[in-house]
Amino acid sequence: MRLKTPTVDIRGVKMGSDHPIVIQSMTNTDTQDPLATVEQCIQLADAGSEIVRVTVNTNLAAKQIPELRRILNERGYEHLPIIGDFHYNGHTLLTEFPEMAATLDKYRINPGNVGFGDKHEYNFSTMVKVAIKNDKPVRIGVNWGSLDQDLLTEMMDSNAKLIKPKGDKEVIIEAMVESAMRSAKLAEKLGLSRDKIILSVKMSEVQDMISAYQDLTVAMADSPYALHLGLTEAGAGMKGAISSSAALAILLQQGIGDTIRISLTPTPDRPRTEEVEACKQLLQS
């Protein structure tokens with residue numbers, strides 16, 4: 001039985017426990033080149049990706065988002081949701097380029113790379129407020145490779161004072177879950193509704209990822225959020241597909257997860273659509 005989660009609507013694509021698992025992918029083109037990015041978005045959509053994420057990391061990339069949307073609509077893909085992937089300068093881009101912020105269908109925010117110290121909460125809050133203003137859902141995507149170092153240090157220090165300290169890996173998993181939950185609660189406090197929030201806690205080792213999502217499910221038992229599943233740095237080709245499937249299959253079988261991506265390292269001889277085909281085969285299996 002699926003974990004009961006709210007329905008999140010992303011440009012008409014609905015995800016949550018009352019809906020089928022949503023497949024998504026990400027372009028690896030330079031978003032500053034809207035034509036190349038459109039071509040890859042269309043390839044991914046035709047392969048079965050219901051949502052496509054693009055990198056928004058520079059002023060030029062941000063400026064091209066409205067043009068990207070225009071071309072997609074012109075080519076008959078007005079139904080395809082486009083998600084903006086933001087990192088260190090997301091708070092600046094979302095405020096300085098309001099047309100881009102209004103055009104995107106969802107924002108992906110990593111709380112581990114929105115700033116440090118006093119700037120962390122301010123930058124995160126700035127991005128969430130833009131999402132609220134534009135009525136956009138947000139994925140709070142915690143990643144072990146860019147985990148909030150202030151939070152991790154705080155939890156490592158507390159653990160070291162215990163009579164029987166936990167292992168470092170266990171503390172890292174706890175910090176992943178804590179980062180996701182703190183960020184989600186802050187977003188709600190700012191006014192972002194629960195049906196606009198998706199969480200993920202991506203790790204690179206299969207067993208660690210399974211543990212992180214299972215622990216997150218327990219942490220949000222009283223008020224669940226929609227969940228995005230993915231194994232980060234899974235690798236290329238068969239290795240990446242099998243590693244991701246090993247992790248995702250267990251969680252999906254336990255009813256955990258509302259949307260998935262099998263993230264494969266790009267290789268010159270393989271099409272980008274390979275990761276979409278892997279998702280389809282996993283769900284069919």
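Me: Which residues are linked in a network of salt bridges?

Reply: Arg 11, Arg 69 and Asp 105 are linked in this way. A salt bridge is a side-chain nitrogen of Lys or Arg within 4 Å of a carboxyl oxygen of Asp or Glu. By this rule the count comes to 20 salt bridges. The model is a predicted one, in which local features need pLDDT of at least 70 and side-chain atom pairs count only at pLDDT 80 or more, while totals for chains, interfaces and linings use all residues. Residues are numbered from 1 along each chain as its sequence is written, and side-chain values use heavy atoms, with hydrogens and water left out.

Me: Why is the contact of Arg 2 with Asp 258 called a salt bridge?

Reply: The closest N and O atoms of Arg 2 and Asp 258 are 2.9 Å apart, and the limit is 4 Å, so the pair qualifies. Arg 2 lies in the segment before β1 (8-10) and Asp 258 in the loop between α9 (237-253) and β10 (259-260), so the bridge ties together parts 256 residues apart in sequence. Helices (H or I, at least four residues) and strands (E, at least two) are DSSP runs, numbered from the N terminus.

Me: How do you know whether Arg 2 and Asp 258 are buried or exposed?

Reply: Buried means under 20% relative accessible area, exposed over 50%, and partly exposed in between (1.4 Å probe, protein chains only). Arg 2 has 25% and therefore counts as partly exposed. Asp 258 has 2% and therefore counts as buried.

Me: What makes Arg 272 and Glu 275 a salt bridge?

Reply: Their closest N and O atoms are 3.9 Å apart, which is within 4 Å, so the rule is met. Both Arg 272 and Glu 275 are buried.

Me: Why is Arg 53 called buried?

Reply: Its relative accessible area is 5%, so Arg 53 counts as buried. Arg 53 lies in strand β4 (residues 51-55). Four of the five residues of β4 are buried, so the strand is largely enclosed by the rest of the structure.

Me: What makes the link of Arg 53 and Asp 85 a polar contact?

Reply: A polar contact is a pair of N or O atoms within 3.5 Å; within protein, one must be able to donate a hydrogen and the other to accept it, and residues adjacent in sequence count only if both atoms are side-chain atoms. The side chains of Arg 53 and Asp 85 are joined at 3.1 Å, so the distance satisfies the limit.

Me: How do you know that β4 pairs with strand β5 (residues 82-86)?

Reply: Two strands pair if DSSP finds at least two bridges between them. β4 and β5 have four bridges, in the parallel sense, so the condition is fulfilled. Strand β3 (residues 22-26) also pairs with β4 in the parallel sense, over three bridges.

Me: Which residues touch the most other members of the largest nonpolar core?

Reply: Met 100 and Leu 199 do, in a core of 80 residues. A nonpolar core is a set of buried Ala, Val, Leu, Ile, Met, Phe, Trp, Tyr and Cys residues joined through side-chain atoms within 4.5 Å. The largest share of this core, 10 residues, comes from helix α7 (residues 168-190).
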